[in-house]
Amino acid sequence: MSEKNLIRSASLLAVSTIIAKIIGACYRIPLTNILGAEGMGVYQLVFPVFALLLTISSGAVPSAIAILISQKRALGQDTSKIFHSAFIGLTLFGVVATLALIALSKPLSLLQANAMTAPGYIVIAPAIVFVSVISVFRGFFMGHKNMLPPAISQISESIVKLGVGLLLARLLIQKGLGTAVLGALLGVTASELFTMLLLFFMYKDKQALTSGITAAEMKYNLKEVAAVAVPLTLGGIIIPLSLFLDSLIIVNLLKGASGIIGATTDYGLWSGTVAPLINLPIVLSLSLGVAVVPLLSEGKVQRDLGSITAKSAMCLKLSLIIGAPFIIMFLFLAEEILALLYPVLAFGQLKTAALLMRIEAANIFGLAVGQISSSVLQALGKTSAPVKALSGCVALKIALNLVLLPILGIKGAAISSAAGFGLYALINLGLLRNLIGKNPSMIKNVSLIAVCGVIMSVIIFAAAFFGAARALWIAAPLAALAYVLSLFGLGIFEKAEIRALPLGRFWLFISRILRRKDAVTRKID
């Protein structure tokens, strides 16, 4: 495959990942309006356990299989046996994990202090098998540099989950809240089944699934997959493990003061109502990590410190540019945004969610900058340092939860999260500075980006102050345009950076128009 086609394929997969994650984040907004805060609390109690099992069973498998298949193809070796071994091994592992979740459904519901979660685990458990098979297919296609099937499957998976989950939740809400939650969870299972069948249909070499393979060959191939997948899984398991522990800790610590229903409702406001909005800019920022890793790895091989420093600064700059307007809006317009998106919330729930949003806004910086800088460090060969930093900060977050939740209620969870992930970002930035040196332009960029964010938020704030909350929909595009124009007008981007952006020539033309006055002034001076 040519370099141009390889870049195009990688870009296709990155774009599909972004689209799928945005759909997934937006999915919880209408779901909250159907289930309410308590229903979202039940849904969010089930989902972290499911996500943790997925991470353990298949989280790093696509990457591991892709790496092994790419290596064998480069050596001219047969790839069918490693695919066959992984297919059988992961399917069996998925079946075991599914049966384990079904068997543990009642004990888990007791640990989480909510009996409504038990049937939810049973409904979502089969999805583990489907995802295990999906991971093998995706790894196969990625190993053969065919990114179209994984890209299509990621988007279709999110769309089916959204469509089926919302439809079933809406239809079943009349039969009770617990039944509606089961409908939403069944949408997850249906989306994974659909995706598995879609990838099976796209897979052409179906004879490889029935080709003969000895037990010794399978054992050797599975060891190869595990040797690559396990280290990757250990790094990716930390945040899912943190969310799982939150699902065990928070409701149990809150139920003494507000009862099971009140504790579940507060947990739903924090994890199901506020978190999806906080995650939107984080998802956009994290997509930069997918693109920057190969570029930085290339600079490392070539020992080009200037290229590494410039690309790292650009990546962090874009992360701040994406996050700044969201942070300001969430701080100053929390009630208006939540009232607009979640009309189902009662007045007291709206006030609680708004306070949580203001606190959690710090996570846009903590998680986005922390994960981006982690990607940069890993691309430069420092793979263990960011993992250790994240582990320590998650431990701090859990410790703060144990202390703050009994005192401050659900606000303690938001404060713990902001403190833990904020420290994570600062540690990674410190590690990055020690590795590539100080970048004086970053301080200037941070202040200019803050100014641009203020310009955007002033427009939205004025619309909310002088009109109804629905005026935000009109003001938002105008404010976004003003923010983008101010970015170019204040000269935050270098000329080379503008050229590297999508539609680079257009933005370079806009930048020249906006900064013509500065150019004339400098010429006169």
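**Close-ups from a predicted model**

**View 1. Helix 3 packed against helix 6.** In this predicted model, helix 3 (residues 80–103) and helix 6 (residues 126–143) pack at an angle of about 160 degrees, and their axes sit 7 Å apart. Angles over 145 degrees count as roughly antiparallel, so that is the label for helix 3 relative to helix 6. The crossing of the two is right-handed. On the helix 3 side, the contact is made by F83, A86, F87, L90, T91, G94, V95, A97, T98 and L101. Helix 6 brings P126, I128, V129, S132, V133, V136, F137 and F140. Sort the residues of this contact by type and you get 14 nonpolar, 4 polar and no charged.

**View 2. Helix 2 and the glycine that follows it.** Helix 2 (residues 61–74) has 14 residues, so at 1.5 Å a residue it should span 20 Å. Its end C-alpha atoms are indeed 20 Å apart, which agrees. Look along this helix for its buried residues: V61, P62, A64, I65, A66, L68, I69 and K72. Yes, a lysine, K72, is in that buried set. After helix 2 comes G76, with a positive phi near 75 degrees.

**View 3. G392 in helix 15.** This glycine lies in the helix covering residues 384–408. Its relative accessibility is 40%, so G392 counts as partly exposed. Y424 is also worth picking out here: G392 and Y424 are 32 residues apart along the chain, yet their C-alpha atoms are separated by 8.4 Å.

Key. Residues numbered from 1 in each chain as written. Predicted model: local features only at pLDDT ≥ 70, side-chain atom pairs only at ≥ 80, totals over all residues. Heavy atoms only, no water. Helix = DSSP H or I, 4+ residues; strand = E, 2+ residues; numbered from the N terminus. Buried < 20%, exposed > 50% of the residue type's maximum accessible area, 1.4 Å probe, protein only. Axes fitted to C-alpha atoms, helices over the stretch in contact; angles between N-to-C directions. Parallel < 35°, antiparallel > 145°, perpendicular 65-115°, else oblique. Left-handed = near helix turned anticlockwise from the far one by under 90°. Contact = heavy atoms within 4.5 Å. Nonpolar A, V, L, I, M, F, W, Y, C, P; charged D, E, K, R; others polar. Expected span 1.5 Å × (residues − 1).
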